[in-house]
Amino acid sequence: MIPVIALVGRPNVGKSTLFNQLTRSRDALVANLSGLTRDRKYGESRLGARPFVVIDTGGITGDEMGIEAQMAEQSLLAIEEADAVLFIVDAREGLNGADEALARHLRQRNKSFYVVVNKIDGLNEEVAVGDFYALGVESLFAIAAAHGRGVRAMIDQVLARFPEREPDSSEFDRRDSIRVAIVGRPNVGKSTLVNRLLGEERVVVFDEPGTTRDSIYIDYGRDAQRYTLIDTAGVRRRKNVHEAVEKFSIVKTLKAIDDAHVVLLVMNAHEGIVDQDMHLLGHCIEAGRALVLAVNKWDGIEPHQRDWIKTELNRRLIFAEYADTHFISALHGTGVGNLYKSINAAHSSATRKLNTNQLTRILEGAVQEHAPPMINGRRIKLRYAHAGGQNPPLVIIHGNQVGKVPNGYQRFLEKVFRRELNLVGTPVRIEFRASE
Ligand code: GDP
Ligand code: GDP
């Protein structure tokens, strides 16, 4: 599963500089989720082939009494749930009482962390880091975030601890199960929907839900198809109704999206689409996930308002036009059964094996329909295409001057491939390879 790295430290030690360095590196794939919380920044990044999520938790001054108070709930959650904590200190300031307090605090929470000594540019590295061994760690990283120095080696080392996910070998894939993540911001009705989906007469729940630290995985069958529901709301972990509902967690949500075949994004019809919905949607698209949208609490909408609301939603969802939208009531069950048709179709599109001959034919048709532009008097030539992978379907196109293909033309190609291959509910990725 995608590793999550949290950056902690006092203000001004260079956390945002490092965050930017990581999320803006040349091959970074950034979905900025900052809109989800007031002042925490979440970014998805990629170093080499490995994606990871990085969280800038904001400044913590380390005033021991005040630590809890200063850290918003989401930061604390982020630190709890992070797979690795990078504790940044400032080489120019040397070891500071606040750093020590923060280290004690992390230890109290049983959180292991790496000490990262930043701003070593222009300093003698050994002298600069010497001080910080007093924090009680065996090794530390020395970097200059502003110049990117040491950053990649550090991340490589941190990521090396986590096993890479092999796409087709997981337990769930072997069982031919469709993994469906139920995500959405707080109070949109995720828990109600999970209960409704599992409470359906046709559903047979196989296992006691397997709990992981992140979300709850529930295995069930419906009409001869197996599903694994990834429950980010944690409904089924509660032993009884009196137990507090688990807090909404962005880390959990991001991981669930990453691990799913199909994301079921739940929204609230009464509130329309708010920025937080858009951020989650943006992340699903960046992650290349097949997607089904559920506009919930439709029962409370007056019939004369329905058309207007639908029009408004379609306007805002234009960039996710490949996703089916359902208007449902999780509370009453209306429309819930219909979600399966879209989930199954999106899964089958997202995981379909593409045929090389067919892809090249579609490419030729697209080029005939609308030729790629000329660059400096030479036309971009797209010669042939082949399949690069699934979930999402990846089409690799070989040709000349492919580095100059404009975004608009790439979007046109994506649309043609989706149309000609009858792909529903999933984005298509295109990668170009130079054949010169
Ligand atoms: P944050 O409050 O921890 O997020 O810190 P910032 O990223 O805003 O950085 C605080 C200051 O340190 C800024 O003026 C940065 O330009 C500077 N800074 C960050 N990284 C480095 C570095 O590697 N070397 C030097 N010399 N300055 C840095
Ligand atoms: P979660 O935080 O996303 O898991 O949301 P919950 O499932 O806990 O639902 C939040 C509130 O919305 C609860 O009071 C639910 O009863 C209510 N709710 C959920 N689905 C519906 C629905 O379809 N219609 C109406 N009217 N209320 C709903």
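Strand 5 (residues 113-118): how many of its six residues are buried? I looked, and five of the six are, which makes strand 5 mostly covered. By "buried" I mean that 20 or more other C-beta atoms lie within 10 Å of the residue's own; exposed is 12 or fewer, partly exposed is in between, and C-beta atoms are placed from the backbone. Strands here are DSSP runs of E with at least two residues, helices are runs of H or I with at least four, and both are numbered from the N terminus.

Note to self on the source: this is a predicted model, where local features need pLDDT of at least 70 and side-chain atom pairs count only at pLDDT 80 or more, while totals for chains, interfaces and linings use all residues. Residues are numbered from 1 along each chain as its sequence is written, and chains are lettered from A and ligands numbered from 1 in the order in which they are written.

**The whole chain**

I started with the overall tally. The chain has 14 helices and 19 strands, and 42% of its 436 residues count as buried. Then I checked contacts (two residues whose C-beta atoms, placed from the backbone, lie within 7 Å). Taking the contacts with a separation of 6 or more, 71% are between residues 24 or more positions apart.

**Back to strand 5**

Which strands does strand 5 pair with? I found strand 4 (residues 84-90) and strand 6 (residues 140-142). Pairing needs at least two bridges found by DSSP between the strands. Strand 4 runs parallel to strand 5, with six bridges; strand 6 is parallel to strand 5 too, over three bridges. Val115 is a handy marker: Phe87 stands opposite Val115, and Val115 also stands opposite Leu140 in strand 6.

I traced the connections next. Strand 4, helix 4 (residues 97-108) and strand 5 form a right-handed β-α-β unit. Strand 5, helix 5 (residues 125-130) and strand 6 form a right-handed one as well. Right-handed means that, with the strands pointing away from the viewer, the path from the first strand over the helix to the second runs clockwise.

**Two ligand shells**

A residue goes into a shell if its C-beta atom, placed from the backbone, lies within 6 Å of the molecule. Which residues come nearest to ligand 1? I noted Gly14, Lys15, Ser16, Thr17 and Ala146, out of 16 around ligand 1. Helix 1 (residues 15-23) gives the most to this shell, three residues. By class I got five nonpolar, eight polar and three charged. My classes: Ala, Val, Leu, Ile, Met, Phe, Trp, Tyr, Cys and Pro are nonpolar, Asp, Glu, Lys and Arg are charged, and the others, Gly among them, are polar.

Ligand 2 has 16 residues around it, with Gly189, Lys190, Ser191, Thr192 and Leu331 closest. Helix 8 (residues 190-199) supplies the largest share, three residues. The class split for ligand 2 reads five nonpolar, eight polar and three charged.

**The sheet of strands 17, 18 and 19**

This is an open sheet of three strands in the order 17-18-19, with mixed pairing. Strand 17 (381-389) and strand 19 (429-434) are the edges, each pairing on one side only. On average, neighbouring strands are turned by 30° against each other, direction ignored. Helix 13 (residues 356-369) packs on the sheet, where it touches strand 17 and strand 18, and its direction makes about 140° with that of strand 17. For such angles, axes are lines fitted to C-alpha atoms, for helices over the stretch in contact, and the angles run from 0 to 180 degrees between N-to-C directions.

Strand 17 and strand 18 (residues 394-400) are antiparallel over seven bridges. One of the matches I looked up puts Leu382 across from its bridge partner Gly399 in strand 18. In the loop between these two strands sits Pro392, and the peptide bond from Asn391 to Pro392 is cis, with omega near 5°.

**Odd backbone angles**

Most residues other than glycine have a negative phi, and most peptide bonds are trans. Asn110 is not a glycine, yet its phi is positive, about 60°. I found Asn110 in the loop between helix 4 and strand 5. Is Asn110 buried or exposed? Asn110 counts as exposed because it has 7 C-beta neighbours inside 10 Å.

Ala224 has a positive phi too, about 65°. Its loop joins strand 10 (216-222) and strand 11 (225-231). Ala224 has 5 C-beta neighbours inside 10 Å, so I put it down as exposed.
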